[in-house]
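Me: I would like to learn how to read the features of a protein model in order, from the overall fold to single residues. Where should one begin?

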Amino acid sequence: PGDTHPMIYVHHAKRYRFAASYASNRQVLDLGCGVGYGSRMLAGGARSVTGLDISEDAIRYARDVYSRSNVSFTVGDARQLPFAPASFDLVVWLEMIEHIREQAEVLREVARVLCRSGRLIVSTPNKRLYESQPDPEGFHPGLLEKDEFRSLLEGAFHDVSFWSQPSYVGEGELTEEFEVMPGLGDDREIFLGVATGVASLP
């Protein structure tokens, strides 16, 4: 835990910076928080941030390195969140959806713990760009294409806006790469959705 390649860190950090713009004075759940650096980024303006991950090692590291007065971490399963209904104003789900098949099941749990006016921010790699990459351990069983991602979110929320990150270009500084931009495109590496207004989920 904590050993993250600089390019991957920048990629992730740009998404978390985007999500942090929605976190001001909010009670935030960072779902699939990993080692916790994203939770710490969200905490800058948030009322509170709770990072949840299924990995005990990751949470142990996060608690040691990134805990703050308004940041806490807990081990848990996204399919059965250990929180009361309407516990959060914002759920950030950025580095996880591609690792699970039970996406609709997790969305139901997200809807349950969001308050009535709450918001979800979620990302997924573009399946068209990732499915050809070697994955011998089966880490990415839930990769989605653009239309699948759109359908998943629009079936669960009434109001969804879509954003994306381009692939690495390599023509400037690394920190200038991966900026989040409006809209979806087949050539974009990462898709993001910002969703509000929970629909009636089965």
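Reply: Begin with the status of the coordinates: this is a predicted model. Next, take the inventory of secondary structure, which here comprises six helices and eight strands. In sequence order, these elements follow the pattern α-β-α-β-α-β-β-α-β-α-α-β-β-β.

Me: What share of the 202 residues counts as buried, and how much accessible surface does the chain have?

Reply: Buried residues make up 48% of the 202 in the chain. The accessible surface is about 9900 Å², and carbon and sulfur atoms account for 47% of that area. Sequence separation of contacts is a further global descriptor: among contacts with a separation of 6 or more, 65% join residues 24 or more positions apart.

Me: How should I read the nonpolar core, and which residues of the largest one touch the most other members?

Reply: The general idea is that nonpolar side chains tend to be buried together in soluble globular proteins. In this model the largest nonpolar core has 30 residues, and those touching the most other members are L29, L31, L81, V91, W93, L120 and F157. At least two residues each come from β1, β4, α4 (103-113), β5 (114-125), α6 (146-154), β6 (157-165) and β8 (190-198). The most is given by α4, which supplies four residues. There is also a second, separate core of 25 residues, with V28, V49, F73 and L192 among them.

Me: Which residues does L120 contact, leaving aside neighbours within four places in sequence?

Reply: The partners of L120 are V91, W93, L107, V110, L114, L153, F157, G193, V194 and A195. One of these, L153, leads to the next feature, since L153 is a buried residue of α6.

Me: How does one judge whether the buried residues of a helix line one face, and what covers those of α6?

Reply: An α-helix has 3.6 residues a turn, so residues three or four places apart point the same way. In α6 the buried residues are F149, L152 and L153. Viewed down the helix axis, they fall within an arc of 90°, and therefore line one face of α6. Their cover includes α4, β5, β6 and β8. On the face turned away from the buried side are the exposed residues D147 and S151.

Me: With which strands does β6 pair, and in what sense?

Reply: Strand β6 pairs with β8 in the antiparallel sense, over eight bridges. Within that pairing, V160 has A195 of β8 as its bridge partner. Strand β6 also pairs in the antiparallel sense with β7 (residues 181-182), over two bridges. There W163 stands opposite P182 of β7.

Me: Is T50, in strand β2, buried or exposed, and what does it contact?

Reply: As a general idea, side chains in a regular strand alternate between the two faces of the sheet. T50 lies in β2 (residues 48-53). Its relative accessibility is 14%, so T50 counts as buried, the cut-off being under 20%. Apart from neighbours within four places in sequence, T50 contacts V28, L29, D30, S72, T74, F83 and F88.

Me: Where do N25 and A86, with their positive phi values, lie?

Reply: N25 is not a glycine, yet its phi is near 60°; it lies in the loop between α1 (6-20) and β1 (27-31). A86, likewise not a glycine, has a positive phi of about 60° and is located in the loop between β3 (71-75) and β4 (88-93). N25 is partly exposed at 45% relative accessibility, and A86 is partly exposed at 48%.

Note on methods
Residues numbered from 1 in each chain as written. Predicted model: local features only at pLDDT ≥ 70, side-chain atom pairs only at ≥ 80, totals over all residues. Heavy atoms only, no water. Buried < 20%, exposed > 50% of the residue type's maximum accessible area, 1.4 Å probe, protein only. Core = buried A, V, L, I, M, F, W, Y, C linked by side-chain atoms within 4.5 Å. Contact = heavy atoms within 4.5 Å. Arc of directions from axis to C-beta. Areas by Shrake-Rupley, 256 points an atom, 1.4 Å probe, with all protein chains shown as cover. Pairing = 2+ DSSP bridges.
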